[in-house]
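Biologist: Please take a close look at one part of this model, the packing around a single buried position, and then relate that part to its surroundings. I should like each term explained with its cut-offs when it is introduced.

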Amino acid sequence: SIILMTASIASVVCKGSILGGLLAGWMVASAMDRVLHRCIIWNIPATMINLILGGGVGAVVGITVSPFISYMQILTESVRSGIHFVMNGAYPGLGFIIGVVF
């Protein structure tokens with residue numbers, strides 16, 4: 001449950017960008033193991049570990065991802081436009097071919 005809180009804190013900055021949310025989620029998942037391991041090595045109490053993992057990691061990931069969100073929004077919109085172009089029916093069968101290939 002602590003990873004859900006951390007991921008939700010990190011994803012707050014990813015407004016309108018699915019790819020930004022995926023990047024933030026991946027960064028949270030990879031950072032949680034490292035931070036938890038380091039906290040155990042440093043003998044940090046369990047309550048403080050919960051606070052660090054629940055709020056600290058999510059905030060740091062959110063701050064790290066926030067400069068890239070505008071670029072991720074452009075990339076997400078490009079992917080959406082490409083999918084709408086293929087699926088709008090202007091070229092019959094194109095969506096089927098793309099679906100079979102991928």
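Modeller: Contact, or touching, here means heavy atoms within 4.5 Å. This is a predicted model, in which local features need pLDDT of at least 70 and side-chain atom pairs count only at pLDDT 80 or more, while totals for chains, interfaces and linings use all residues. Residues are numbered from 1 along each chain as its sequence is written, and side-chain values use heavy atoms, with hydrogens and water left out.

The position to examine is T6, which belongs to helix 1, residues 2-11. Helices are DSSP runs of H or I of at least four residues, numbered from the N terminus. T6 has a relative accessibility of 0% and therefore counts as buried; the class covers values under 20%, exposed means over 50% and partly exposed lies in between, using a 1.4 Å probe and protein chains only.

Within its own helix, T6 has a polar side-chain atom 2.9 Å from the backbone oxygen of I2. This is a polar contact, a pair of N or O atoms within 3.5 Å in which, within protein, one must be able to donate a hydrogen and the other to accept it; residues adjacent in sequence count only if both atoms are side-chain atoms. Beyond four places in sequence, T6 touches V28, M32, L53, G54, V57 and G58.

V57 is worth following from there. Setting aside neighbours within four places in sequence, V57 is in contact with T6, A31, M32, V35 and I52. V57 also belongs to the largest nonpolar core, which has 13 residues; A24, V57, V61 and V65 are the members that touch the most others. Helix 2 (18-41) and helix 3 (46-65) are the elements that give two or more residues to this core. A nonpolar core is a set of buried Ala, Val, Leu, Ile, Met, Phe, Trp, Tyr and Cys residues joined through side-chain atoms within 4.5 Å.

The helix pairings give the setting of T6. The axes of helix 1 and helix 3 come within 7 Å and cross at roughly 25°. Helix 1 is therefore roughly parallel to helix 3. Axes are lines fitted to C-alpha atoms, for helices over the stretch in contact, and angles run from 0 to 180 degrees between N-to-C directions. Angles under 35 degrees count as roughly parallel, over 145 as roughly antiparallel, 65 to 115 as roughly perpendicular and the rest as oblique. Helix 1 passes helix 3 in a right-handed crossing. On the helix 1 side, I2, M5, T6, I9 and A10 make this contact, and they meet N50, L53, G54, G55, V57, G58, A59, V61 and G62 of helix 3. A crossing is right-handed if the near helix is turned clockwise from the far one by less than a right angle, and left-handed if anticlockwise.

The axes of helix 1 and helix 2 come within 9 Å, with a crossing angle of roughly 135°. These two helices are therefore oblique to each other. Their crossing is right-handed as well. I2, I3, T6, A7 and A10 of helix 1 make the contact with A24, V28, A29 and M32 of helix 2. T6 thus appears in the contact with helix 3 and in the contact with helix 2.

N50, in helix 3, is partly exposed, with a relative accessible area of 44%. Leaving out residues up to four places away in sequence, N50 touches I2 and G55. The C-alpha atoms of N50 and G21 are 22 Å apart, with these positions 29 residues apart along the chain.

Two loops complete the surroundings. S17 lies in the loop between helix 1 and helix 2 and, at 5% relative accessibility, counts as buried. A polar atom of the S17 side chain is 2.9 Å from the backbone nitrogen of G20. Beyond four places in sequence, S17 touches I69, M72, Q73 and T76. N43 sits in the loop between helix 2 and helix 3 and is exposed, at 67% relative accessible area. N43 also has a positive phi of about 55°, although it is not a glycine.
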